[in-house]
Amino acid sequence: RTADLEASQQEVVNRLALASEYRDDSTGEHILRVGRLAGRIARALGWLEDDAELLATAARLHDVGKIGIPDAILLKPAGLSPSEFALMREHTTIGGEILSGGQTRLLKMAHEIALSHHERWDGKGYPRGLKEQAIPLPARIVAVVDTLDALTHERSYKPAWSLQDSLEEIRGQAGLQFDPEVVRACLATFAEGGEAALEIVGKA
């Protein structure tokens with residue numbers, strides 16, 4: 001019964017994540033890549049396998065709050081104005097509200113990620129301006145992964161960057177935007193993972 005319940009819960013999470021992703025990526029590949037790489041980085045940080053798999057699933061809900069963002073802003077093929085960016089930032093609080101009150105480990109972790117994956121190590125992120133260790137570790141991991149995936153793939157407002165340039169950008173943001181330990185784990189994952197790691201961001 002427990003196994004069936006966990007499988008049902010995971011299926012619901014995956015479908016909810018896919019629904020949110022359809023807003024700006026009809027393939028749903030972004031959420032899958034983010035989940036896989038988040039789990040891999042967690043393993044590099046020494047997480048137990050069950051915990052890493054939990055993160056791989058929860059990370060897929062990082063942008064669930066985009067459900068509440070108007071298409072005119074979400075799909076705009078140019079830079080956002082200050083007022084538009086302020087509305088876009090609300091996807092974190094919307095996601096947090098959608099996932100708040102969950103009683104399972106999966107939903108609690110997904111709530112942390114959705115609410116806090118745009119916080120910055122230096123305290124200049126949003127929505128709460130959390131700093132360093134005050135940011136939940138799952139959200140710190142997804143912050144790196146989400147940015148790396150965005151850099152390495154074409155978006156309506158930018159071309160895809162090379163994997164090398166993207167990793168250098170991540171390295172340069174260690175201690176500023178990102179947790180330095182998570183950055184080190186990310187770089188180690190790509191250095192040691194060969195084709196398997198490259199496949200996660202669709203570059204193999």
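Student: How do you know that the length of helix 7 agrees with what it should span?

Tutor: In this predicted model, the 16 residues of helix 7 should span 22 Å at 1.5 Å a residue. The expected span is 1.5 Å times one less than the number of residues. The end C-alpha atoms of helix 7 are 23 Å apart, so the two values agree.

Student: What makes helix 7 largely enclosed by the rest of the structure?

Tutor: Buried means under 20% relative accessible area. In helix 7, 14 of the 16 residues are buried, so the rest of the structure largely encloses this helix.

Student: Why is D146 called buried?

Tutor: D146 has a relative accessibility of 10%, and the cut-off for buried is under 20%. D146 therefore counts as buried. D146 sits in helix 7. Leaving aside neighbours within four places in sequence, D146 is in contact with H30, V34, H62, D63, H117 and H118.

Student: Two of those names make me think of helix 2. Why are helix 2 and helix 7 called oblique to each other?

Tutor: Let's start with the angle. Helix 2, residues 29-44, and helix 7, residues 137-152, pack at about 135 degrees. Roughly perpendicular covers 65 to 115 degrees and roughly antiparallel begins over 145. An angle of about 135 degrees falls in neither range, and the rest count as oblique. Helix 2 and helix 7 are therefore oblique to each other. Their axes lie 9 Å apart, and helix 2 passes helix 7 in a right-handed crossing.

Student: Which residues meet where helix 2 packs on helix 7?

Tutor: From helix 2 come H30, R33, V34, L37, A38, I41 and A42. Their partners in helix 7 are I141, V142, V145, D146, L148 and D149. By class, this contact has 9 nonpolar, 1 polar and 3 charged residues.

Student: What makes helix 6 oblique to helix 7?

Tutor: Helix 6 and helix 7 pack at an angle of about 50 degrees, with their axes 8 Å apart. Roughly parallel needs an angle under 35 degrees, and roughly perpendicular starts at 65. About 50 degrees fits neither, and that makes helix 6 oblique to helix 7. The crossing of helix 6 and helix 7 is right-handed. M109, E112, I113 and S116 in helix 6 meet P138, A139 and V142 in helix 7. By class, the contact of helix 6 with helix 7 has 5 nonpolar, 1 polar and 1 charged residues.

Student: Let's turn to the loops. Why is K124 called exposed?

Tutor: Exposed means over 50% relative accessible area. K124 has 66%, so K124 is exposed. K124 is in the loop between helix 6 and helix 7. K124 and Q177 are 53 residues apart in sequence, yet 8.0 Å apart in space, C-alpha to C-alpha.

Student: And why is A174 called partly exposed?

Tutor: The relative accessible area of A174 is 30%. Buried needs under 20% and exposed needs over 50%, so A174 falls in between and is partly exposed. A174 is found in the loop between helix 8 and helix 9. Not counting residues up to four places away in sequence, A174 touches P180 and V183. The C-alpha atoms of A174 and D122, 52 residues apart along the chain, are separated by 9.8 Å.

Student: How many helices and strands does the protein have?

Tutor: The protein has 9 helices and 0 strands. Buried residues make up 45% of its 204 residues.

Notes:
Residues numbered from 1 in each chain as written. Predicted model: local features only at pLDDT ≥ 70, side-chain atom pairs only at ≥ 80, totals over all residues. Heavy atoms only, no water. Axes fitted to C-alpha atoms, helices over the stretch in contact; angles between N-to-C directions. Helix = DSSP H or I, 4+ residues; strand = E, 2+ residues; numbered from the N terminus. Left-handed = near helix turned anticlockwise from the far one by under 90°. Contact = heavy atoms within 4.5 Å. Nonpolar A, V, L, I, M, F, W, Y, C, P; charged D, E, K, R; others polar. Buried < 20%, exposed > 50% of the residue type's maximum accessible area, 1.4 Å probe, protein only.
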